[in-house]
Amino acid sequence: MIAKTFAAAALVAISGQALAEVTPTFTLGTEVYEETYREWVGGKRFMKERASMKAVTGDLHLAFDRENAMRIAGRYAWGTSDYTGGSQGMDYGSLTDSGQTRRAYDIRTTYEWTSFAMRYPLTTSAGLGYRNLVDRLDQTGEGGYRRESEYFYATVGIGSSIKVGDGSWTLSPKASYQHLLRGFQHSGDDVNVQTKGYGLELSTALSRPVGTGSVSITPFYRYWKIADSKMNSAAGIMEPENQTHEFGVRLSYRF
């Protein structure tokens with residue numbers, strides 16, 4: 001229902017701008033970040049993965065006029081993680097391993113509206129996204145398995161642009177909230193459904209013109225908190241409460 005409502009709203013907005021000239025800009029970037037993933041069972045630590053990740057990013061911005069635009073943004077990341085957990089029936093910390101393959105990608109589409117009524121432009125956004133993460137716990141040895149997380153989510157955000165220094169630099173702070181619509185946790189051949197969770201993103205881009213475009217460096221923080229999944233009655237398993245923290249920096253060029 002939420003997806004259909006957003007799609008209809010976006011279609012109306014786009015059709016209202018049908019006669020306007022669309023101005024596309026494309027941004028290509030790379031980022032590095034540290035990721036920490038933790039799970040709890042019954043309020044006690046169950047497992048942790050800490051990973052060093054690298055990524056490539058792409059962003060297509062379609063401006064219909066000075067106030068209205070659509071944005072399609074994506075990221076593909078890869079790296080390796082260190083695992084801390086427990087052997088069957090043992091305490092947390094009794095099992096450690098390193099070098100597990102990890103990859104993730106995220107893609108989202110948002111509609112943006114910019115107001116110039118205040119001293120600085122204020123851009124609000126709303127849209128839908130999909131996040132997919134695979135980590136190879138089967139590489140930890142006997143008892144491990146391939147894990148795949150899928151999040152379908154709605155997102156809203158707010159940001160601005162501020163000229164700094166001699167006016168050739170622009171500071172662009174942004175914050176967004178992600179609301180989990182439905183998640184699926186694939187543990188080997190078993191699937192658990194996740195219905196409660198949210199995410200947050202904070203970033204501040206510092207940009208300046210270079211050539212015919214502009215270059216940006218953007219420190220960022222991303223966070224997800226997902227509640228216990230529904231019980232898979234056939235397999236007798238549940239995906240426990242978990243949190244993900246990502247701290248990193250992105251370097252990008254806008255054409």
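# Buried residues, cores and salt bridges

Reader: Is T244 buried or exposed in this model?
Author: Keep in mind that the model is predicted. T244 has a relative accessible area of 2%. Buried means under 20%, so T244 is buried.

Reader: And what strand is T244 found in?
Author: Look at residues 241–254, which make up a strand. T244 falls within that run, and E246 is found in the strand too. The strand you want is β12.

Reader: How far apart in space are T244 and E35, C-alpha to C-alpha?
Author: In sequence, 209 residues separate the two. Still, T244 touches E35, along with residues including T36, Y37 and W224. From C-alpha to C-alpha, the spacing is 7.0 Å.

Reader: Which residue's side chain makes a polar contact with the side chain of E246?
Author: E246 is buried, at a relative accessible area of 4%. Leaving out residues up to four places away in sequence, E246 touches Y33, E34, E35, R75, R131, F220, Y221 and R222. One of these also reaches the E246 side chain through a polar contact of 2.6 Å, and that residue is R222.

Reader: Which strand gives the largest share of the largest nonpolar core?
Author: That core has six residues: Y33, A51, M53, A55, A77 and F220. Three of the core residues come from one strand, residues 44–63. That strand is β2.

Reader: How many residues are in the other core, the one with Y151 and L180?
Author: This core lies apart from the six-residue one. Among its members are Y151, L180, W224 and I226. The full count is five residues.

Reader: Now the surface: how much area does the nonpolar patch with L28 make?
Author: L28 lies in strand β1, residues 23–41. At 46% relative accessibility, L28 counts as partly exposed. Together with F26, L60, I72, I107 and F255, L28 makes a nonpolar surface patch of about 530 Å².

Reader: On to charges: how many residues apart in sequence are the parts that R71 and D59 tie together?
Author: The structure holds 16 salt bridges, and one of them joins the side chains of R71 and D59 at 2.9 Å, N to O. R71 lies in strand β3 and D59 in strand β2, so the pair ties together parts whose separation in sequence is 12 residues.

Reader: Is R71 buried or partly exposed?
Author: Its partner D59 is buried, with a relative accessible area of 15%. R71 comes out at 22%. Buried means under 20%, so R71 is partly exposed.

Reader: Which residue does R102 meet in a salt bridge?
Author: The N to O distance in this bridge is 3.5 Å. R102 sits in strand β4, while its partner sits in strand β5, 33 residues apart. Both partners are buried. The partner's name is D135.

Reader: What is the distance between the closest N and O atoms of E239 and R147?
Author: E239 is buried, at 3% relative accessibility, and R147 is buried at 3%. The two form a salt bridge, and their closest N and O atoms are apart by 3.4 Å.

Reader: Where in the chain is E239, given that R147 is in strand β6?
Author: The pair links distant parts of the chain, 92 residues apart. R147 is in strand β6, residues 146–160. E239 is in the loop between β11 and β12.

Reader: Which residues are linked with R102 and D135 in a network of salt bridges?
Author: R102 and D135 form one salt bridge, and E239 and R147 form another. Both pairs belong to one network. The residues linked with R102 and D135 are E35, E39, E49, R147 and E239.

Notes: Residues are numbered from 1 along each chain as its sequence is written. This is a predicted model: local features need pLDDT of at least 70, side-chain atom pairs count only at pLDDT 80 or more; totals for chains, interfaces and linings use all residues. Side-chain values use heavy atoms; hydrogens and water are left out. Helices (H or I, at least four residues) and strands (E, at least two) are DSSP runs, numbered from the N terminus. Buried means under 20% relative accessible area, exposed over 50%, partly exposed in between (1.4 Å probe, protein chains only). Contact means heavy atoms within 4.5 Å. A polar contact is a pair of N or O atoms within 3.5 Å; within protein, one must be able to donate a hydrogen and the other to accept it, and residues adjacent in sequence count only if both atoms are side-chain atoms. Patches are made of residues with over 30% relative accessible area and no salt bridge: like charges are joined within 9 Å, nonpolar side chains (Val, Leu, Ile, Met, Phe, Trp, Tyr) within 5 Å. Accessible areas come from the Shrake-Rupley method with a 1.4 Å probe; for residues, only the protein chains shown count as cover. A salt bridge is a side-chain nitrogen of Lys or Arg within 4 Å of a carboxyl oxygen of Asp or Glu. A nonpolar core is a set of buried Ala, Val, Leu, Ile, Met, Phe, Trp, Tyr and Cys residues joined through side-chain atoms within 4.5 Å.
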